[in-house]
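Work through these short exercises with the model open. Each task is followed by its solution.

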Amino acid sequence: MNKSSWRSPSNIALVKYWGKYDPQLPANPSLSFTLKESYTETTLELLGESASEDFDFDIFLDSVKTDSFKPKIKQFLQRIEKDLDFLKGRRFSIETYNSFPHSSGIASSASGMSALALNLLSLSPEGKNLSQEAFFRKASEWSRLGSGSASRSVFGPLGLWGKTAGIAESSDEYAIPYQGKVDSVFTSFRDTILLVETGQKAVSSTAGHGLMNGHPFAAERFKQAHRNMADLQDILAQGDLAAFGELLESEALTLHAMMMSSRPYFILMKPGSLEIIEKIWQWRRETRKPMYFTLDAGANVHLLYPEAIEQEALEFVNSSLKGHLINGAYICDQVGNGPTPLT
Ligand code: PMV
């Protein structure tokens with residue numbers, strides 16, 4: 001077998017990972033919804049022999065050779081080099097495609113790195129001998145070394161990464177599928193991603209994580225994340241939407257508060273992000289419907305709500321929020337079940 005293809009989704013964190021230490025281990029646990037419609041499809045193909053001592057590959061995005069991706073991929077490959085003997089002396093190609101527009105500002109690292117890790121493991125002698133459970137665990141560990149949040153994309157509908165009290169199998173090394181009770185309202189949750197800003201992020205998440213070292217509020221933040229992980233487990237089991245929304249929004253604003261209070265400080269939200277947040281709160285006061293927001297390390301706003309209010313939510317987006325979005329664009333996503341092999 002010389003070729004492997006996987007589709008792997010993006011994810012949206014409910015409790016955020018922000019802060020890490022070597023080698024790519026999280027300063028606090030995180031829990032995310034795996035998405036369905038925002039994914040990367042990647043094919044890894046082993047080609048002829050190579051005389052190079054180094055990893056010898058080309059990477060194509062939508063069939064276009066994209067050398068700018070190479071350094072990040074190479075860094076990832078070097079991190080798992082001891083497991084990649086089968087790539088030595090071979091040329092190989094990586095073909096990749098994102099379901100969401102490249103310029104949408106949606107981080108493709110979670111879906112992209114997990115899709116690549118799944119392919120590497122599928123082609124490796126090691127991966128071929130693993131049970132299904134061990135395969136995904138290893139794939140999550142490798143994904144983590146590509147991009148921390150990618151570790152969670154390997155599992156759906158919820159991925160948990162980082163040692164968490166009361167969950168014996170949880171680990172800083174890899175994510176696990178969240179096995180606690182989850183009320184059915186959450187497994188069909190919608191995530192409408194509002195595109196406030198497109199293009200390259202002003203501050204990379206790597207730089208942002210780094211600023212949690214020596215951050216004056218870091219220790220309290222990490223404690224809070226542990227408490228929120230415990231609370232979220234009860235909330236998910238009980239289907240308590242109001243408590244879910246409060247925790248979700250508090251996590252999002254805390255993440256951005258950490259950025260604003262680091263040295264150097266920075267702000268990733270845009271005026272449009274704040275206007276949208278105000279309007280969500282107003283809509284919620286008026287309608288009493290359970291629609292909440294979260295944010296990634298960027299200006300885009302993720303609107304999270306139950307399937308049952310999808311129509312009203314989209315009417316609200318179209319009538320009140322579209323004007324804040326780049327070209328009026330948003331992505332309709334929902335909770336999904338994790339990666340699928342394409343070969
Ligand atoms: O995986 P990274 O290093 O791009 O970090 C992602 C960090 C957040 O998206 C802000 C939070 C998270 O847990 O996904």
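**Exercise 1. Find how many residues of each domain take part in the contact between domain 1 and domain 2.**

Step 1. Contact here means heavy atoms within 4.5 Å.
Step 2. With that cut-off, 34 residues of domain 1 touch 44 residues of domain 2.
Step 3. Place the two parts on the chain of this predicted model. Domain 1 covers 3–180, and domain 2 covers 184–334.
Step 4. Add the spacing: their C-alpha centres are 24 Å apart.

**Exercise 2. Count the helices and strands, then judge the fold against the globule rule.**

Step 1. The protein has 11 helices and 14 strands.
Step 2. Its radius of gyration is 20 Å, close to the 20 Å that the globule rule gives for 343 residues, so the protein is as compact as a globular protein of that length.
Step 3. Along the principal axes, the C-alpha atoms fill a box of roughly 65 × 45 × 40 Å.

**Exercise 3. Work out what share of the contacts joins residues 24 or more positions apart.**

Step 1. Take the contacts with a separation of 6 or more.
Step 2. Of these, 74% are between residues 24 or more positions apart.
Step 3. Turn to burial, with under 20% relative accessible area as the cut-off. Of the 343 residues, 55% are buried.

**Exercise 4. Describe the exposed surface and the charges.**

Step 1. The protein exposes about 14900 Å².
Step 2. Carbon and sulfur atoms supply 50% of that area.
Step 3. Count the charges: 34 are positive and 40 are negative.
Step 4. Compare their mean positions: these lie 2 Å apart.

Terms used:
Residues are numbered from 1 along each chain as its sequence is written. This is a predicted model: local features need pLDDT of at least 70, side-chain atom pairs count only at pLDDT 80 or more; totals for chains, interfaces and linings use all residues. Side-chain values use heavy atoms; hydrogens and water are left out. Helices (H or I, at least four residues) and strands (E, at least two) are DSSP runs, numbered from the N terminus. The radius of gyration is taken over C-alpha atoms; the globule rule is 2.2 Å times the number of residues to the power 0.38. Buried means under 20% relative accessible area, exposed over 50%, partly exposed in between (1.4 Å probe, protein chains only). Accessible areas come from the Shrake-Rupley method with a 1.4 Å probe; for residues, only the protein chains shown count as cover. Lys and Arg count as positive and Asp and Glu as negative; His and the chain ends are not counted. The place of a charge is taken as NZ of Lys, CZ of Arg, CG of Asp or CD of Glu. Domain bounds come from an automatic or database domain assignment.
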